[in-house]
Amino acid sequence: MSPRVTMATARRVVIQLRHDPRTIALLMGVPVLLLTLIKWTFDGQPQTFQRIGVPLLGIFPMTSMFLVTSVAMLRERTSGTLERLMTLPMAKLDLLAGYAIAFAAVALAQAALVSGLAFGVLGLDVVGSPWAIMGLAVLNAVAGSTMGLFVSAFAKSEFQAVQFMPVFLLPQIFLCGLFAPRAGMLRGLELISNFLPMTYAYDALHRVGTTSDITAQLWFDVAVLLGVTILAIAAGAATLPRRTD
Amino acid sequence: MPGPAISIRGLTVVRGKRPVLSGLDLDIPPGRITGLLGPSGCGKSTLMRSIVGVQKVRDGEVMVLGQRAGSPALRIRVAYLTQSPSVYLDLTVRENLRYFSTMLRVDHAAVSRVIRLVGLDEHGQSLGGELSGGQKARLSLATALLGRPELLVLDEPTVGQDPVLREELWATFHSLAGAGATLLVSSHVMEEADRCDRLILMREGVVIAHDTPAELRARTGANNLEDAFLTLVRARETA
């Protein structure tokens, strides 16, 4: 692995996005629009907006970066550029880390915009630090994009790749505690939710939203999300064979 | 006599249930342009992919520049042009080449040089997706010419190109070979065969001839290589 090639890859992915202003507008605009919509939907129950608003600041980037990266990686596989890269002096980790870094940068911009709107305009309150929320949003985005890199190996077309979002992420959103406390779920589901990355994303954001203490549990959530990211990168590397049929 | 640049023994590739190559043996000399000719589907691309180490191989040994095909150390010494252009459609010509140049450790001057070589001077700022099919193929070829490879494996590099540019590309290939590089160039166009130092004729996964163009003509008594090819195929069928 070489930092030079990793950073060149990250820069290349960002330049590709820059040539696609509509995708950037969607990445930045959709969470803004959705969060505003949720604020108005719960116009009569401001406490509900307070409860779900903060976790959503992390769930949005995880979901959008998952989608974008899985399609981007699928394109790399189907366009022949992946085969070309495999014949060049480049480690698989250079490619995967390059993607993760590029989408972390995009997520930082997205988080700044969406958090600014949430705290500045929509009146969302956090007890903890807004900077911690931003940091968690970026961490979630990186976890989401590395999971997207991995699952793209199982898609043969862009039609399939976009379907992995509802298959892979929607159940996690249902089970993470956002809609209902996990303790009240069917026991089996509660157990399953212990193994889903989104649960820890929700948990961490919820903690920062409701307390200013940096607790050991918060660090545990962060550690799990980092672990998921590393695991997804390792699994992604395993699904990138240099030799194909 | 230096050893072969590429040495293949018993190469077998199976795709699905169909054997594409079965027990192929081949030695390709260094510092020469070897043409790989045969109808589409005869196994040319599979053979090339095996040489650059991206093809799943059932059996056999492929040695390239003294190392096992696909070894990490070969990646900077071997350049590969895929049959269909592999370029980023959402990057400009120059951005595409700059990205690949980082991996190959060459500078921006090399990028400008290959853009000129493939005649894309006026399209440096065009996006890959805005290029015509032939221009995309040229951008893909430019990437293969970017480093300082000792072996170039080029799958149909001149297909569909303008005759003037094709002439220039062949001159580039000859100057690379003159400087000591080995080139393996596939084509399904027989008229390109005479530009090669040596020819490999393939049909249905089998090498039916490997010789210089002159010797092939002499052996078959044919005036052109198309006829020589037909003579060889018929000779095998009656044998």
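**Strand β8 of chain B and two positive phi values**

Me: Which residues of β8(B) point one way, and which the other way?
Reply: B:Thr182, B:Leu184 and B:Ser186 point one way from β8(B), all of them buried (under 20% relative accessible area, 1.4 Å probe, protein chains only; exposed is over 50%, partly exposed in between). In a regular strand, side chains alternate between the two sheet faces. Pointing the other way, and buried too, are B:Leu183, B:Val185 and B:Ser187.

By the way, this is a predicted model: local features need pLDDT of at least 70 and side-chain atom pairs 80 or more, while totals for chains, interfaces and linings use all residues. Residues count from 1 along each chain as written, chains are lettered from A and ligands numbered from 1 in written order, and side-chain values use heavy atoms, without hydrogens or water.

Me: In β8(B), what is the bridge partner of B:Leu154?
Reply: β7(B) and β8(B) run parallel, joined by five bridges (DSSP pairing takes at least two). Strands here are DSSP E runs of at least two residues, helices H or I runs of at least four, numbered from the N terminus. The partner of B:Leu154 is B:Val185.

Me: And which residue in β8(B) is the bridge partner of B:Leu36?
Reply: Strand β3 (residues 33-37) of chain B also pairs with β8(B), parallel over five bridges. There, B:Leu36 has as its partner B:Ser186.

Me: Is B:Glu156 buried or exposed?
Reply: B:Glu156 sits in the loop between β7 (151-155) and α5 (163-178) of chain B. Its phi is positive, about 55°, although it's not a glycine. At 12% relative accessibility, B:Glu156 counts as buried.
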